[in-house]
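Okay, everyone, thanks for coming. I'll put the sequence and the structure up, and then we can walk through a few spots together.

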Amino acid sequence: MSKTQSENLFLDSYLKQDIPLHNYSVTIVIPCLNEEGNLERLLLNIEETFEQIGFSLPVLVVDDGSTDDSYKILNQMSEKCDYLSIIRHSERRGVTGVWKTALDNVQTDWIFWGQADLESDPRTDLPLLLEACVLGVDAVAGWRQKRFDGKIVASKLANTTCRLLFGLKIHDMNWIKLVRRDLLLTLPVKTITHRYLLAVLAAQGYKVTEVPTPWHPRYSGTTKFGKKRLLTSAIDFVKLWWWFQSEGRLANRDQKKRIDSVINYAGVVLQEKI
């Protein structure tokens with residue numbers, strides 16, 4: 001194979017990976033902890049979403065040690081929903097543990113991180129994030145609008161801090177998101193935690209954008225996050241900052257150089273065609 005053929009194949013692969021709306025290589029990942037009152041409605045909304053966009057996507061629900069009937073309901077629904085896969089943790093591992101399970105089991109180019117509490121409605125949010133993920137974008141975040149969940153002050157503080165220290169340009173990093181899976185595989189998820197994934201990618205030079213999405217009150221059940229979350233978030237941030245200053249800046253560097261090279265090559269090819 002000639003160098004030109006090799007470059008063209010790599011370019012085609014890159015372009016395909018970078019437009020999830022065109023190649024459908026997206027897995028919807030949903031963390032679940034004691035959400036028995038939400039699951040049937042959630043999956044119904046997902047099916048309506050698929051009808052709306054004209055294609056279906058694989059859905060992975062990770063049951064994080066539920067003690068209610070969540071796992072039973074999911075098994076019943078999986079018999080009717082051929083797109084649905086379930087992984088159950090025998091005990092609670094937290095959201096970061098769910099992310100690790102997803103990265104170990106998902107094979108698609110992109111991961112759409114959803115919610116089981118129905119504060120995010122896939123019928124509006126999935127199409128919005130897919131459409132916002134154009135060529136050159138590495139991650140898209142949903143930005144909650146008209147939010148009334150009692151966590152606004154803490155969320156603004158965390159997002160503002162990350163905008164100042166990591167160069168993050170979005171307003172809501174810890175919500176639904178569409179992210180390139182390959183960029184997460186080399187990152188220490190336990191160190192970064194789910195909260196700061198987008199901040200780290202932004203600091204490494206990847207393009208993270210956002211799109212406004214409507215916020216809805218929780219449909220059923222109660223939130224799993226209390227005041228203790230503020231302390232753990234602060235501790236996680238200190239660990240993250242130390243990691244980033246010592247080695248985090250170099251993580252994904254080779255991947256970034258490779259992608260930049262392909263983008264430059266694509267520009268040359270387009271210029272020649274014009």
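I'll go from the whole chain to one helix, then to a cavity, and then to some single residues.

Keep in mind throughout that this is a predicted model. The protein chain has 12 helices and seven strands. There are 274 residues, and 50% of them count as buried. If you take the contacts with a separation of 6 or more, 83% come from residues 24 or more positions apart.

Right, helix 3. That's residues 39-53, so 15 residues in the DSSP run. From first C-alpha to last, helix 3 reaches 21 Å, close to the 21 Å expected at 1.5 Å a residue.

Which residues of helix 3 are buried? They are L39, L42, L43, N45, I46, T49 and F50. Look down the axis of helix 3 and those buried residues fall within an arc of 155 degrees, so they line one face of the helix. As a reminder, an α-helix has 3.6 residues a turn, so residues three or four places apart point the same way.

And what do the buried residues of helix 3 pack against? Quite a list: strand 1 (26-32), strand 2 (59-64) and strand 3 (84-89), plus helix 4 (70-78) and helix 6 (122-132). Just after helix 3 comes G54, with a positive phi near 90 degrees.

Helix 3 also takes us to the cavity. Searching the whole structure for cavities of 30 Å³ or more turns up one. The largest cavity has a volume of about 60 Å³. Who lines it? Going along the chain, the lining of the largest cavity is I28, I30, L42, I46, F112, G114, Q115, S120, P122 and I176. You'll recognise L42 and I46 from the buried set in helix 3. Strand 1 and helix 3 each supply at least two residues of that lining. By residue class, the lining has seven nonpolar and three polar residues, and no charged ones.

While we're talking about charged residues, let me show you two aspartates. How accessible is D63? With a relative accessibility of 0%, D63 counts as buried. D63 is in strand 2, which is one of the elements that the buried residues of helix 3 pack against. Leaving out residues up to four places away in sequence, D63 touches C32, S70, Y71, L74, I87, R88 and H89. There's also S90, 27 residues from D63 along the chain, with the two C-alpha atoms separated by 8.7 Å.

The other aspartate is D109, in the loop between helix 5 (94-105) and strand 4 (110-113). D109 is partly exposed, at a relative accessible area of 22%; the cut-off for buried is under 20%. In sequence D109 and P20 are 89 residues apart, but in space their C-alpha atoms are 7.9 Å apart.

A quick word on helix 5, since it leads into that loop. Helix 5 has 12 residues and reaches 17 Å between its first and last C-alpha, close to the 16 Å expected. The buried residues there are V95, T96, G97, V98, W99, T101, A102 and L103.

Next, some backbone angles to check on your own screens. L118 isn't a glycine, and yet its phi is positive, about 70 degrees. Where does L118 sit? In the loop between strand 4 and helix 6. L118 is buried, with a relative accessible area of 7%.

T193 is another non-glycine with a positive phi, about 65 degrees. You'll find T193 in the loop between helix 9 (189-192) and helix 10 (197-203). T193 is buried, at 4% relative accessible area.

Last stop: L165, in helix 7, which is residues 152-166. Is L165 buried or partly exposed? Partly exposed, with a relative accessible area of 42%. Setting aside neighbours within four places in sequence, L165 is in contact with F237 and W241. And A199 is 34 residues from L165 along the chain, with 9.0 Å between the C-alpha atoms.

That's my tour. If you take one picture away, let it be helix 3, with its buried residues lining one face and at least two of its residues in the lining of the largest cavity.

Notes. Residues numbered from 1 in each chain as written. Predicted model: local features only at pLDDT ≥ 70, side-chain atom pairs only at ≥ 80, totals over all residues. Heavy atoms only, no water. Helix = DSSP H or I, 4+ residues; strand = E, 2+ residues; numbered from the N terminus. Expected span 1.5 Å × (residues − 1). Buried < 20%, exposed > 50% of the residue type's maximum accessible area, 1.4 Å probe, protein only. Arc of directions from axis to C-beta. Contact = heavy atoms within 4.5 Å. 1 Å grid on protein atoms, 1.4 Å probe; cavity = no way out; pocket = protein on both sides within 12 Å on 5 of 7 lines; lining within 4 Å. Points joined across faces, edges and corners; volume = space filled by probe spheres on them. Nonpolar A, V, L, I, M, F, W, Y, C, P; charged D, E, K, R; others polar.
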